Amino acid sequence: MTAGRITKFLRENSVENPFRKAKMQWRCIFDKYDADRDGYISVKELDQLIESQDYERDIPSHVVRKIHALADKNHDGVLDFNEFVQMIQSSTLRPLFGNLMDSYVAMMVPQKSFQERQELTDKARYCPPPLGMVIISILEIVLYCCDKGLSRRPGGNGPISASLLYDPTRRYEAWRFVTYMLVHNGEFHLVVNLVVQLFLGITLEVVHRWWRVLLIYFAGVLAGSLVASICNPEVTLVGASGGVYAILTAHIASIIMNWKEMEYPFVQLLIFVIITVCDIGSAIYERHISPPSSSVSYTAHIAGAVAGLLMGINIVRNVKITHSENVIWWVSVILYVLLMGTTIVWHIAGGSYFPVQKD
């Protein structure tokens, strides 16, 4: 009789729970209401749990005791964790605790953000697989091996490298502003760039699609050669570092434009900023302070990073565009056009600034 009344009361006051419950979440709730930390929920603690919901004045104490007795399978007078979970998930008793889980989810993951985050996750596609960075990496490996095989000097660059690297005395060969990314100065240089662009590039492609990532990558490569040519007009340029740094800061752009939809965005942002700053700082130190000075063009790194950030803000997927993000988008567009336009005009009009061109 009493059990029938309880069932009727619970059905009339049921609240649909839209989320599947994870065991770890129930553990958090169990521990929260296990006030004396003895590993069990007593009748008094169950009463406090129910009073924390919307039913505090509707369920009398004898009904609470009956609920407790129904859930207490081994009749020891208390509920252990397994009995507690079975009570929550019981088709009869679960509706009573619907608000409990709703409140927990709302506290940990606001429903609006949860839906938007789920939408961002749903955009990830693995078929067709992200092949943009893979194809570029394979091309770089093949060209490096062929170039070494054709080289007449042990450890030196071959004819492929000579045709593709950025040479300030052959600026009229415009393809060199991009193709320098395909040749590298040694195995270590090649491996480092491959590892970074594969690990970071593929993860970016999964969510934002390969063509977006390639646009960002080539934007970083082009910006790196243009800026390095202006800052160090006598230096030749090889390697994909400009594109690699663009991929790195594109992750930062993705975090900025999807701040509310990502898990722990501040931590992710901090990690990528620290990696970028430390690596650029290391290149600056090796170039100007550490003897012997390195020939690494850190200006290409910085330019690639800036281009990747600005271009990334322009074209990475944004689950929900807010007013502030729209402002950031327009600022990045204007800055990118101004900076790239300035470097291109400088190269076209500043003939006397650069080395004399070879025939």
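Contact here means heavy atoms within 4.5 Å.

**Figure 1. Overview of the predicted model, a chain with 16 helices and zero strands.** Of the contacts in the chain with a separation of 6 or more, 71% join residues that lie 24 or more positions apart. The chain has 359 residues, and 46% of them count as buried. About 19,600 Å² is exposed by the chain, with carbon and sulfur atoms supplying 63% of that area.

**Figure 2. Close-up of S241 and H301, the positions that an unreviewed UniProt entry lists under "active site".** Although these positions are spread over 61 residues of sequence, they cluster in space, the largest C-alpha distance being 6.0 Å. H301 belongs to helix 15, which covers residues 298-315, and its side chain makes a polar contact of 3.4 Å with the side chain of S241. H301 is buried, because its relative accessible area is 8% and the cut-off for buried is under 20%.

**Figure 3. Surroundings of S241 in helix 13.** When neighbours within four places in sequence are left aside, S241 is in contact with H189, N193 and H301. With a relative accessible area of 12%, S241 is likewise buried.

**Figure 4. Close-up of a nonpolar surface patch that includes W259.** The patch, of about 810 Å², is made by W259, Y264, F266, V267, L270, I271, I274 and I275. W259 is placed in the loop between helix 13 (241-257) and helix 14 (265-288), and at 34% relative accessibility W259 counts as partly exposed.

Conventions. Residues are numbered from 1 along each chain as its sequence is written. This is a predicted model: local features need pLDDT of at least 70, side-chain atom pairs count only at pLDDT 80 or more; totals for chains, interfaces and linings use all residues. Side-chain values use heavy atoms; hydrogens and water are left out. Helices (H or I, at least four residues) and strands (E, at least two) are DSSP runs, numbered from the N terminus. Buried means under 20% relative accessible area, exposed over 50%, partly exposed in between (1.4 Å probe, protein chains only). Accessible areas come from the Shrake-Rupley method with a 1.4 Å probe; for residues, only the protein chains shown count as cover. Patches are made of residues with over 30% relative accessible area and no salt bridge: like charges are joined within 9 Å, nonpolar side chains (Val, Leu, Ile, Met, Phe, Trp, Tyr) within 5 Å. A salt bridge is a side-chain nitrogen of Lys or Arg within 4 Å of a carboxyl oxygen of Asp or Glu. UniProt positions are given in the numbering used here, feature names are shortened, and annotations may be inferred rather than shown by experiment. A polar contact is a pair of N or O atoms within 3.5 Å; within protein, one must be able to donate a hydrogen and the other to accept it, and residues adjacent in sequence count only if both atoms are side-chain atoms.
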